[in-house]
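Notebook open, coffee poured. I want to get a feel for how this one is put together.

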Amino acid sequence: MDATVAKTGTEGKTWGGGNRPLNASYGKMMMWFFIVSDALTFSGFIASYGFSRFKFIDAWPIADEVFTHVPFLHGVPAPMYYVAFMTFILIFSSVTMVLAVDAGHRMQKKKVIWYMFATIIGGAIFVGSQAWEWATFIKGDYGAVETKGGKILQFLDTEGDRVAIGDFAVELPTERATHERKNGIWYQTEPETLTSFSFEEVKAGFLANDNLLVRTQYLDENGEPTVLSREESVNKIVNDGKLVVEGANLIRNEYGHPLFADFFFFITGFHGFHVFSGVVINIIIFFNVIIGTYERRKSYEMVEKVGLYWHFVDLVWVFVFTFFYLV
Amino acid sequence: MAHEHKLEIFRGLLKFKSNVTKIWGVFVFLSIVTIIEVYLGIVKPEFLTETRFLAMKLLNWIFIILTLVKAYYITWDFMHQRDETKALRRAVVWTAVFLICYLILILLIEGDYIYEVYKQNYVKFDF
């Protein structure tokens with residue numbers, strides 16, 4: 001047995017092994033590894049958002065006009081407030097998470113349990129808020145008309161206030177035959193949802209109301225969307241208008257460029273998925289704390305590791321908040 | 001480094017008595033920064049939206065700088081980078097910052113170039 005024990009003669013020296021130059025455990029190192037790579041993934045998404053935005057810099061929707069809703073305050077335009085609330089929720093749940101980590105260092109099991117519980121609740125509120133934000137965005141607000149070139153035309157009255165298409169569109173008696181595979185082109189299907197008014201109805205209503213103007217998605221030199229004169233508006237609608245858009249999806253977006261909606265869904269969706277998985281991981285660790293796993297292990301480092309992940313999610317949101325809602 | 005915490009923020013200007021008070025202090029600071037951001041986002045003071053610096057509104061520069069400030073305190077105090085070794089901190093931060101700066105620079109220049117092409121080179125886009 002003795003013969004197989006290797007002694008290198010370097011014990012205790014720099015290259016003798018057992019050094020911990022970064023002074024971090026394997027698990028924590030790997031969590032940092034993951035965080036750096038995930039941060040690069042998110043930067044890729046946000047930078048590509050910037051790319052598309054710079055590409056269409058003169059026709060990009062203004063976030064203040066897109067996200068104006070607050071739950072239970074119907075019809076009150078309140079830009080930013082709800083996102084600000086969501087940001088606070090996430091920062092606060094970050095705080096309770098650090099407090100849980102701190103209590104873990106002191107081996108105070110009860111405190112860890114309560115702080116982690118608060119963190120989970122905060123995360124759940126955030127994910128719920130995001131779902132609501134999505135639903136509002138998908139449902140849409142005023143409705144708009146899309147031109148043949150895929151541009152969005154929105155409606156204003158002469159005072160400059162937005163007008164919903166439902167307020168002026170006229171009901172025209174129309175017959176609409178449902179497209180079926182047996183009597184139509186077999187590879188084409190009906191659209192899944194029909195807009196509440198057809199383009200012809202919106203056009204007729206627009207021509208009948210002299211006080212309505214059209215606003216294009218192009219920004220003027222003040223950074224405001226260009227408002228056309230009545231004459232130009234009529235021209236635009238009659239010559240270029242093609243279909244009605246209500247709300248936003250991956251193909252059409254009543255607020256402006258469809259890429260805005262695409263990036264919104266993709267980036268906030270990817271972030272929301274991180275929050276969701278963070279909540280799930282937090283719940284697992286929460287129960288581990290309750291049954292005393294880390295008490296027996298005499299180390300709450302696991303709480304610290306999920307804490308790192310949770311703070312990272314908060315960190316990403318700080319950037320998403322800036323680039324989607326502020327800038 | 002699990003049980004030792006550096007309790008100073010703002011380069012030693014503010015020193016907290018315990019780690020818990022430091023956490024709350026950082027939370028208050030982050031909240032103030034967020035409130036400033038939201039306030040500026042709602043009010044949009046004209047002198048900030050009209051002045052431009054390096055092809056971007058001054059207001060947007062303020063938002064980005066405040067965001068980086070928040071990111072710094074989240075990473076340093078909530079993620080305990082302040083208490084880690086210098087080597088770990090640099091391995092994480094420098095790598096990410098270098099790659100992200102490169103990516104942003106390339107993509108934004110390219111995006112602006114395509115915008116100019118659409119605008120000037122007879123690419124018919126609005127019909």
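I checked the radius of gyration of chain A and got 28 Å, where a compact globule of 327 residues would have one near 20 Å. That radius is taken over C-alpha atoms, and the globule rule is 2.2 Å times the number of residues to the power 0.38. The C-alpha trace of chain A spans about 100 × 50 × 40 Å along its principal axes.

Note to self: this is a predicted model, where local features need pLDDT of at least 70, side-chain atom pairs count only at pLDDT 80 or more, and totals for chains, interfaces and linings use all residues. Residues are numbered from 1 along each chain as its sequence is written, with chains lettered from A and ligands numbered from 1 in the order in which they are written.

Next I looked up the contact with chain B. I found 42 residues of chain A in contact with 45 residues of chain B (C-beta atoms, placed from the backbone, within 7 Å). Helix 1 of chain A gives the most to that side of chain A, with 13 residues. Helices here are DSSP runs of H or I, at least four residues, numbered from the N terminus.

Then I followed helix 1 of chain A to helix 10 of chain A. They pack at an angle of about 10°, their axes 10 Å apart; axes are lines fitted to C-alpha atoms over the stretch in contact, and angles run from 0 to 180 degrees between N-to-C directions. The two helices are therefore roughly parallel to each other (angles under 35 degrees). Among the residues of helix 1 of chain A that meet helix 10 of chain A, I noted Ile35(A) and Phe42(A).

Key:
Contact = placed C-beta atoms within 7 Å. Parallel < 35°, antiparallel > 145°, perpendicular 65-115°, else oblique.
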